[in-house]
Structure formats: C-alpha cells, structure tokens
Amino acid sequence: ERIDRASVSSVVTTTPDQHDMTPFMTAAAKINSGIGVTSCGFLGYWQDQLSQHCPRPFIASALSDLPHWQQGYAADEMAVVTFDRDVLSTPLYASLLQGFSGAIIGLHPDMHLRRVISEDQKELDQSRAEKELIALLDAALNRNKIKALVFECTNLPPYKAAIKSAFDVEIYDILTSIHRRDPDLVKPEFL
C-alpha cells in the first residue's frame, strides 16, 4: 500500500520523531495475511509502534534483526550499508542500530542509485548503479576485514548477487529478514 505523503525527504530524516506516522499505522492495521514490510529501512525507527498496529508479524527494517545477524561476527567483521550514513549515524537512530559498533557505509549523494531514489526518477541505469555500488564497497571492504553486510536500504537486494560474486561476504537484508520469519515467502534465488 502506498502512503501518499511519504517521500525520501520525509522518511530519511534526522528528526523521525517529528514525522506523522498515522498513515503508516493505518496501513499496518490493514495487513491481514503474510508479513507486513516497509519499503524503507529508516522506518525501523518506528518498528515497535508499527508492530503494535499490525495484526501480523511486521518488519520495518533489516536492522531490526541486527542482533541476530551479528551473532558469530566480531564487531569489525560486519558493516551496515545504508542509503544515508549521516542520517543513520545520528543519536535518534541509536536504538535501531542496537549497539552496533561496526562500519556504516552510506551511498554517496552523487551516486546514480541514490539520486534515482531521492529524486524519485523514473529511469534507473541498473548497470551503472551496480558498478558504482561495487566501487563503493570495494573501497570499504579492501580496507577492513568485513565478512558480512547488512543492507538498511531496501533498494539494495537486487545487487546482492553481483556483490557476492565480487566479494566474499554474507549479505543480510529485508529479504533475509522475511525469510527468517517465513521460509516460504522469498524465492531461494533472491536470498
């Protein structure tokens, strides 16, 4: 269900506590089968409130599963990949990060994928977006001993196969969060 007043600038913000979540809570209350899921990991700030309104299991962000994904990894072996590192690193999102102390890698403002999302553009050059994402991760992964990535951004899973073929990393995202709750909802090729 589309929330008419939702936009990147209204959801990816350093003041999520000032956002009117009534339309999201109304939409969550209508979910009567499957699992409720948002299309932006920054809505994880509202995980508890949205879950309370949803009669079904609800996942606002793959970051909601961060404590589970961190098991078996040292703090410096896991990184979060996010749409906006500066926003996610603000104090209001500390509860969403749940004590995570690893690297946070954000899409640069001039990256094609980020511009397409933030400007609500109609056309995406998937090849360009993939190349830029691989280059971004190459710089971070070659400096560190990262073994796992957690995608905050729900627009990143389509690049998972390319990233896994370029780097020896495990990837956790909204799809693995859904799969964790119901193994029949996500096709294996998307995991």
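In this predicted model, the largest nonpolar core takes in 56 residues, and the members that touch the most others are F42, L50, L88, L137, L149, V150 and I163. The biggest contribution to this core comes from helix α8, residues 126–143, which supplies 6 residues. Such clustering is no surprise, since nonpolar side chains tend to be buried together in soluble globular proteins. A second core, of 5 residues, sits apart from the main one and has I59, I174, I178 and V186 among its members. Back in the main core, I163 gives a feel for the packing: with residues up to four places away in sequence left out, I163 touches L133, I134, L137, L149, F151, V169 and I171.

Next comes the sheet. It is open and built from 4 strands, running in the order β4-β3-β5-β6 with parallel pairing. At the edges are β4 (103–106) and β6, each of which pairs on one side only. Ignoring direction, neighbouring strands of this sheet are turned by 25° against each other on average. Strand β3, residues 78–82, pairs with β4 in the parallel sense over 4 bridges. Within that pairing, T82 stands opposite G106, and A79 has A103 as its bridge partner. On its other pairing, β3 joins β5, again in the parallel sense and over 4 bridges; here V80 has V150 of β5 as its bridge partner. V150 has already turned up as one of the residues touching the most other members of the largest core.

How much of β3 is buried? The strand is mostly covered, with 5 of its 5 residues buried. In a regular strand, side chains alternate between the two faces of the sheet. Both faces of β3 are covered, with M78, V80 and T82 buried on one side and A79 and V81 buried on the other.

Helix α8 deserves a closer look. The helix has 18 residues and reaches 26 Å from its first C-alpha to its last, close to the 26 Å expected at 1.5 Å a residue. At its start, a side-chain oxygen of D125 comes to within 3.2 Å of the backbone nitrogen of S127. The buried residues of α8 are A129, L133, L136, L137, A140 and L141, and their cover includes β3, β4, α7, β5 and α9 (160–166). Two of the names in that list, L133 and L137, are also contacts of I163. Against the sheet, α8 packs so as to touch β3, β4 and β5 (148–151), and the direction of the helix makes about 160° with that of β4.

Not everything under cover is nonpolar. D173 sits in the loop between β6 (170–172) and α10 (174–181), and counts as buried because its relative accessibility is 0%. What does the side chain of D173 contact through polar atoms? One partner is the side chain of K160, in a polar contact of 2.7 Å. Another is backbone: the nitrogen of L175 lies 2.9 Å from a polar atom of the D173 side chain. Setting aside neighbours within four places in sequence, the residues in contact with D173 are A62, F151, P157 and K160. F151 also appears among the contacts of I163.

Two loop residues stand out for their backbone angles. Q98 is not a glycine, yet has a positive phi of about 50°; this residue lies in the loop between α6 (94–97) and β4. D120, not a glycine either, likewise has a positive phi of about 50°, and its place is in the loop between α7 (112–118) and α8. Are these residues buried or exposed? Q98 is partly exposed, because its relative accessible area is 36%, whereas D120 counts as exposed, with a relative accessibility of 52%.

Finally, towards the start of the chain, S10 is found in helix α1, residues 8–11. A polar atom of the S10 side chain lies 2.9 Å from the backbone nitrogen of S7. Leaving out residues up to four places away in sequence, S10 touches R5 and H19.

Definitions and conventions
Residues are numbered from 1 along each chain as its sequence is written. This is a predicted model: local features need pLDDT of at least 70, side-chain atom pairs count only at pLDDT 80 or more; totals for chains, interfaces and linings use all residues. Side-chain values use heavy atoms; hydrogens and water are left out. A nonpolar core is a set of buried Ala, Val, Leu, Ile, Met, Phe, Trp, Tyr and Cys residues joined through side-chain atoms within 4.5 Å. Buried means under 20% relative accessible area, exposed over 50%, partly exposed in between (1.4 Å probe, protein chains only). Contact means heavy atoms within 4.5 Å. A polar contact is a pair of N or O atoms within 3.5 Å; within protein, one must be able to donate a hydrogen and the other to accept it, and residues adjacent in sequence count only if both atoms are side-chain atoms. Two strands pair if DSSP finds at least two bridges between them. Axes are lines fitted to C-alpha atoms, for helices over the stretch in contact, and angles run from 0 to 180 degrees between N-to-C directions. The expected span of a helix is 1.5 Å times one less than its number of residues.
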